[in-house]
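Grab your favourite viewer and a coffee. Below are a few exercises, each followed by a worked solution.

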Amino acid sequence: RLAAAVFRYKDPDVDAMVARARIAQATFATWSEKQVDALLLALARRVATEARTLAEATVECTRIGNVDDKTGKIGVASLAVLKTLFGEPGSGWLDGGGPDTGVREIASPVGVVFGLVPVTSPVATGIFKILIALKGRNAIILSPNRIAQPVCAALARSVDDVLQAEGAPADVVQWVTKRNSRRKTQLFMSHAGVDLVLATGGRAMVEAAYSSGNPALGVGPGNAPVLVADDADVDTCADNVIRSKSFDNGLICGAENNLVVVAARREELVAALERHGAAVLSAEETAKALAGPLANGRTRMSSELIGRSAADIAAKLGIRRERTIRLVVAPSESCAPDNPLAHEKMAPLVSLFTVPDIDAGLALCKQLMQLDGTGHTAVLYTRDEALAERFGNEVAASRMLLNTPATHGIVGATTGLLPSFTLGCGTFGGNSLTDNVGYRHLLNVKRLARHDPEREAVFDYMNYVNPSAALTSQVLGFDSLEVEAEGCIVRDNRGREFLDCLAGVGVMNVGHRHPRVVAAVREQLERMPMSSRLLFNARAAELARRLADLAPGELHYSFFCNSGTEAVEAALKLARAATGRVRILSTINAFHGKTLGALAASGRDVFKTPFGPMAPGFEHLPYGDAAALEAAMGEDVAAVILEPVQGEGGVWPAPPGYLAAAREACDRAGALLIFDEVQTGFGRCGRLFACELAGVAPDLMCLAKGMSGGVVPMGAVLGTVRAFQVFEQNAFMHSSTFGGNPLACAAALATLDVLEDEALCARAVELGDFLCAGLRSLQAQYPEAITDVRGLGLLIGVEFADADVGAQVIGGMAARRVIAAYTLNQPRVIRFEPPLVITREQCEHALEVFHAALRDCLGRG
Ligand code: PLP
């Protein structure tokens, strides 16, 4: 290399060949797939027809291997390789890119390939490289090992004939024949006009290719261990190993080199090997062989034995058996680097190691592969899938073969691997890939990637909205963009339809985009969406009157706002003002919203801790515990705030008598009773307001969510005359700029009409009962997984023994396109909270999907 750098060798031959190759490649690049396939077919046929002659010529000049097997090998390299190419796209658009990625792949040639042709398989490797290079519209320059020059010249003539007959550019395949030398090879490998080196050869050649400065695909030596496990079929193993390792007299790089057998099966394996024609040497025979012609006392097998037949080798070693010897098996113990038997043996000769158990066997296989053959091939004989998996995980081989002859297995004759004569060994073996190299490796696959609005939205969400919320949605399987909704159906940007069993967390009670609500909003939008705040707003006035009519008890005035938490905020302030007291009694696990006042009323610390200190005066009692409420009550209490069904706390309907007891306690102490009906209101639980079911009316009632039909956000607090008395002091004591805007009021008025006209409260009862019954029967089927099913109307919670199961079930439902979610303060509970317009069939579908997701999750699929 130093010399090359100093003297800057040039060779006009090399430059001329590369230049010609580039010109030929430019013309060839315009060939159609049909033309190329016709050319490849003709080439493969011609070489297959001449396989025996070429095999004979190979053995004659290289003096290694045998004619029969080389004939077969040439057949694989021509016809089996052709089969992997023919009809496949080798240029232009490929089918790849993956579904729904918006990425398309385009094949374009790498250009001029320089291919080394080894002495072990000159014809097979030669034709293989020609076929895969031409499929990708590349030109190739082949450089045969010097000993193989005569047979390569014969192959070149046949190839040239076909190229000419098919009208291919003359120099698309060229051979380095004249005065080939190491220096010349190096000039080619580092030539600026060569685009890729395909280095099949000895270690030195591969290293030279990698350090040439040009991209290179290389291979590594083999030394395949064969691990024979306790449960192996040793007879098949012996037969396979003999057929495989005697093939072409052991010249296949991935063929078996070392048998590693567990002690319990050694005798049987030896007997089977003998039965199938192997000579298993005695300790004395082995020692004699090592000292003699096997290694001549050196640390590597003598090169004179490479590619000789087993019978020849046996004769040389002075080993005699009654039958023809097909394989020599030499027992060995040490895998030290000075043991020739532990290294690669390119001959029908294998070592035989005995190990106490499978762990020791695996360890030995790994050690052997450290010596030689790192990353190449390893073989296992077992029936145990778990062991096969362990082998696959632990052993660093690019090809791991199970119960199959290695020679045949590595080229796909007895496995599904790609027929190839260039086998990568990965970085284990100093190569860039572990693949069986094929035509795809000789393509520059370009990718045309389209702008994808879905990915952009997710990326922006991740970056500009809320990274962890984005992650949660994706983990749960909600990874697309919502684009359209109608009734109970949400459609995404991929055109998929989801059945909505969450209704925007209880917002879409009348279904998504109810036409009457949309029409009312549209009409208002055309006139005046927002209020002047000084002139009278007829919509707000009408809505307040209707709510006063519909609401239970003495609820009379309405204060309009825009969300649930604002409604709660207003209720808390009004209660304090009306009573002149501070203490507010709430419940553990209550959810009232996340602004500071509502948060103080809420009953779960995780959502409070980072934002402290909380507003003072709030106490949290166990939900449903009337005695606790009674005990905490006093004449300093401004209000008690309760959800008629604790929604986010895990869907807990108030126990019978609880709300009435709260009413009584408040009345006795002069405190106000606030019902938070943000989630339970507007038909969700089977009545317009859930508290009606208990026959108890509050002094203040918080509303939002379903109030305005899921079209415009809105909230409200309704109160008695007493509760609203602070406004007598100042009309603007509490206010909201957007509160009661005409657009939201128009939506709310239309929503009330729809709830009434479509009798959605009754529907919530009927379908709620139906869903609950279905879920309860699943609870009976899976009592260990589902611990409770409870709810009111169409607010139903399913409680799991394990929160992870809940999350997985939601994911499983998402995958089957049903939207569900867990409750915010109780992740073990997932809820069914669909639009009240859901049909019975849709409920059945939701149940089926829930069941399927649960079965998957419990592994009963
Ligand atoms: N109150 C209850 C009972 C709720 O369920 C919720 C929200 O889930 C709120 C208040 C807060 O409503 P918003 O998110 O509109 O502020």
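**Exercise 1.** Does leucine 792 count as buried, partly exposed or exposed, and what is its relative accessibility?

*Solution.* Keep in mind that this is a predicted model.
- Start with the location: leucine 792 belongs to strand β28, residues 786-792.
- Next, the cut-offs: buried is under 20% relative accessible area, exposed is over 50%, and partly exposed is in between.
- Leucine 792 comes out at 27% relative accessibility, so the label is partly exposed.
- For its surroundings, skip the neighbours within four places in sequence; leucine 792 then contacts Val645, Pro653, Arg684, Cys685 and Leu693.
- As a distance check, take leucine 116, which is 676 residues away along the chain: its C-alpha atom and that of leucine 792 are 78 Å apart.

**Exercise 2.** Run the same accessibility test on arginine 583, then find what its side chain reaches.

*Solution.*
- Arginine 583 is in strand β20, which covers residues 583-587.
- Its relative accessible area is 18%, so arginine 583 is buried.
- A polar atom of the arginine 583 side chain lies 3.0 Å from the backbone oxygen of alanine 632.
- Beyond four places in sequence, the contacts of arginine 583 include Gly617, Glu619, Asp636 and Val637.

**Exercise 3.** Which residues of helix α15 are buried, and where do they sit around the axis?

*Solution.*
- Within α15 (residues 385-394), the buried set is Leu387, Ala388 and Phe391.
- These three span an arc of only 105° around the axis, so they lie on the same side of α15.
- The spacing makes sense: an α-helix has 3.6 residues a turn, so residues three or four places apart point the same way.
- Now turn the helix over: Glu385, Ala386, Glu389 and Asn393 are exposed on the other side of α15.
- What do the buried residues of α15 pack against? Their partners are β8 (224-228), α14 (358-371), β13 (375-381) and β14 (397-402).
- Finally, look at the start of α15, where a side-chain oxygen of aspartate 384 comes within 2.9 Å of the backbone nitrogen of alanine 386.

**Exercise 4.** Work out the strand order of the open four-stranded sheet that contains β17, and say which strands stand at its edges.

*Solution.*
- The order is β16-β17-β18-β30, and the pairing is mixed.
- β16 (482-486) and β30 (818-819) are the edge strands; each has a single partner, so one side of each lacks a neighbour in the sheet.
- Zoom in on β17 (residues 489-492) and β18 (residues 497-500): they pair antiparallel over three bridges.
- There, valine 490 is opposite phenylalanine 498 of β18.
- Helix α31 (residues 840-857) packs on this sheet, touching β17, β18 and β30, and its direction makes about 100° with that of β18.

**Exercise 5.** How many residues does the largest nonpolar core have, and which helix gives the most to it?

*Solution.*
- The largest nonpolar core has 90 residues.
- Those with the most contacts inside it are Leu543, Met707, Val809, Met813, Phe832 and Phe850.
- Helix α28 (residues 742-757) gives the most, with 10 residues.
- Pick one of the hubs: leaving out residues up to four places away in sequence, methionine 813 touches, among others, Ile830, Phe832, Val849 and Phe850.
- A second, separate core has 77 residues, including Leu131, Ala133, Ala148 and Ala199.

Methods:
Residues are numbered from 1 along each chain as its sequence is written. This is a predicted model: local features need pLDDT of at least 70, side-chain atom pairs count only at pLDDT 80 or more; totals for chains, interfaces and linings use all residues. Side-chain values use heavy atoms; hydrogens and water are left out. Buried means under 20% relative accessible area, exposed over 50%, partly exposed in between (1.4 Å probe, protein chains only). Helices (H or I, at least four residues) and strands (E, at least two) are DSSP runs, numbered from the N terminus. The arc is that of the directions from the helix axis to the C-beta atoms. Contact means heavy atoms within 4.5 Å. A polar contact is a pair of N or O atoms within 3.5 Å; within protein, one must be able to donate a hydrogen and the other to accept it, and residues adjacent in sequence count only if both atoms are side-chain atoms. Two strands pair if DSSP finds at least two bridges between them. Axes are lines fitted to C-alpha atoms, for helices over the stretch in contact, and angles run from 0 to 180 degrees between N-to-C directions. A nonpolar core is a set of buried Ala, Val, Leu, Ile, Met, Phe, Trp, Tyr and Cys residues joined through side-chain atoms within 4.5 Å.
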